[in-house]
Amino acid sequence: MHIGEKGRNGGMAREPILENAVMLMLWREEGPLTPRQVKARLDETHPVAYTTAMTVLMRLWKKGLLRRYRVGRAYAYAPTVGQAQHAAQRMEGILRGVNERAVALGRFVEQLSASDREELMRILSADE
């Protein structure tokens with residue numbers, strides 16, 4: 001199944017993969033991109049229809065992840081937050097839904113590489 005194809009349940013398959021690809025692309029850019037520019041860049045790795053690119057941008061905009069700017073008759077889109085801030089918000093959202101938050105945090109830290117654990121300890125000690 002390819003990105004944009006309908007899955008068995010009738011919904012779009014792999015939407016998060018395409019949304020992530022678009023967000024990664026926009027974080028790398030210096031400024032906002034139009035749907036046509038997004039489609040052209042996506043075609044290198046994730047060939048999609050223009051309407052699919054536009055739908056993904058609209059979905060991300062409605063989620064508050066993108067802001068849009070009028071460019072002629074179209075809109076151009078840019079992220080509302082940086083990649084690191086977005087990752088932190090997603091992690092917090094996941095933890096908010098966990099009953100045993102301390103256990104989840106412990107398991108997360110256990111799975112970190114040694115260098116990431118050292119970086120986390122450095123950050124935590126700097127806050128004291």
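Colleague: Which pattern does the protein chain follow when read along the sequence?
Modeller: Happy to start there, and please keep in mind that this is a predicted model. The secondary structure of the chain comes to 6 helices and 2 strands. Read along the sequence, these elements give the pattern α-α-α-β-β-α-α-α.

Colleague: What percentage of the residues in the protein chain is buried?
Modeller: A residue counts as buried when its relative accessible area is under 20%. The protein chain has 128 residues, and the buried part of them comes to 24%.

Colleague: Among contacts with a separation of 6 or more, what share comes from residues 24 or more positions apart?
Modeller: Contact here means heavy atoms within 4.5 Å. Of the contacts in the protein chain with a separation of 6 or more, the share from residues at least 24 positions apart is 37%.

Colleague: Let's turn to helix 1. Is Glu19 buried or exposed?
Modeller: Glu19 sits in helix 1, which covers residues 15-28. Its relative accessible area is 8%, and the cut-off for buried is under 20%. Glu19 is therefore buried.

Colleague: And which residues is Glu19 in contact with, leaving aside its neighbours within four places in sequence?
Modeller: Two of the partners, Val56 and Leu60, are among the buried residues of helix 3. With those neighbours left aside, the contacts of Glu19 are Val56, Arg59, Leu60 and Lys63.

Colleague: How far apart are the end C-alpha atoms of helix 3?
Modeller: Helix 3 runs over residues 50-62, which makes 13 residues. At 1.5 Å a residue, the helix should span 18 Å. The model agrees, because the end C-alpha atoms of helix 3 are separated by 18 Å.

Colleague: Where on helix 3 do its buried residues fall?
Modeller: The buried residues of helix 3 are Thr52, Ala53, Val56, Leu57 and Leu60. Seen down the helix axis, they fall within an arc of 135°, so they line one face of the helix.

Colleague: Which exposed residues are on the face of helix 3 turned away from its buried side?
Modeller: Just after this helix comes Gly64, with a positive phi of about 85°. On helix 3 itself, the face turned away from the buried side carries Thr51 and Lys62.

Colleague: What is the distance between the C-alpha atoms of Val48 and Leu18?
Modeller: Val48 lies in the loop between helix 2 (35-42) and helix 3. With a relative accessible area of 9%, Val48 is buried. Val48 and Leu18 are 30 residues apart along the chain, and their C-alpha atoms are separated by 9.4 Å.

Colleague: Is Gly82 buried, partly exposed or exposed?
Modeller: Gly82 is found in the loop between strand 2 (74-79) and helix 4. The C-alpha atoms of Gly82 and Arg28, 54 residues apart along the chain, are separated by 10.0 Å. At a relative accessible area of 37%, Gly82 is partly exposed.

Colleague: How are helix 4 and helix 5 oriented to each other?
Modeller: Helix 4 (residues 83-96) packs with helix 5 at an angle of about 135°, and their axes are 9 Å apart. The two helices are therefore oblique.

Colleague: Which residues of helix 4 and helix 5 make the contact?
Modeller: The residues involved divide into 5 nonpolar, no polar and 3 charged. Helix 4 brings Met91, Glu92, Leu95 and Arg96, while helix 5 brings Arg101, Ala104, Leu105 and Phe108.

Colleague: Which residues is Arg101 in contact with, leaving aside its neighbours within four places in sequence?
Modeller: Arg101 lies in helix 5 (residues 101-111). At 35% relative accessibility, Arg101 counts as partly exposed. With those neighbours left aside, its contacts are Glu92, Leu95 and Arg96.

Key:
Residues are numbered from 1 along each chain as its sequence is written. This is a predicted model: local features need pLDDT of at least 70, side-chain atom pairs count only at pLDDT 80 or more; totals for chains, interfaces and linings use all residues. Side-chain values use heavy atoms; hydrogens and water are left out. Helices (H or I, at least four residues) and strands (E, at least two) are DSSP runs, numbered from the N terminus. Buried means under 20% relative accessible area, exposed over 50%, partly exposed in between (1.4 Å probe, protein chains only). The expected span of a helix is 1.5 Å times one less than its number of residues. The arc is that of the directions from the helix axis to the C-beta atoms. Axes are lines fitted to C-alpha atoms, for helices over the stretch in contact, and angles run from 0 to 180 degrees between N-to-C directions. Angles under 35 degrees count as roughly parallel, over 145 as roughly antiparallel, 65 to 115 as roughly perpendicular and the rest as oblique. Ala, Val, Leu, Ile, Met, Phe, Trp, Tyr, Cys and Pro count as nonpolar, Asp, Glu, Lys and Arg as charged, and the others, Gly among them, as polar.
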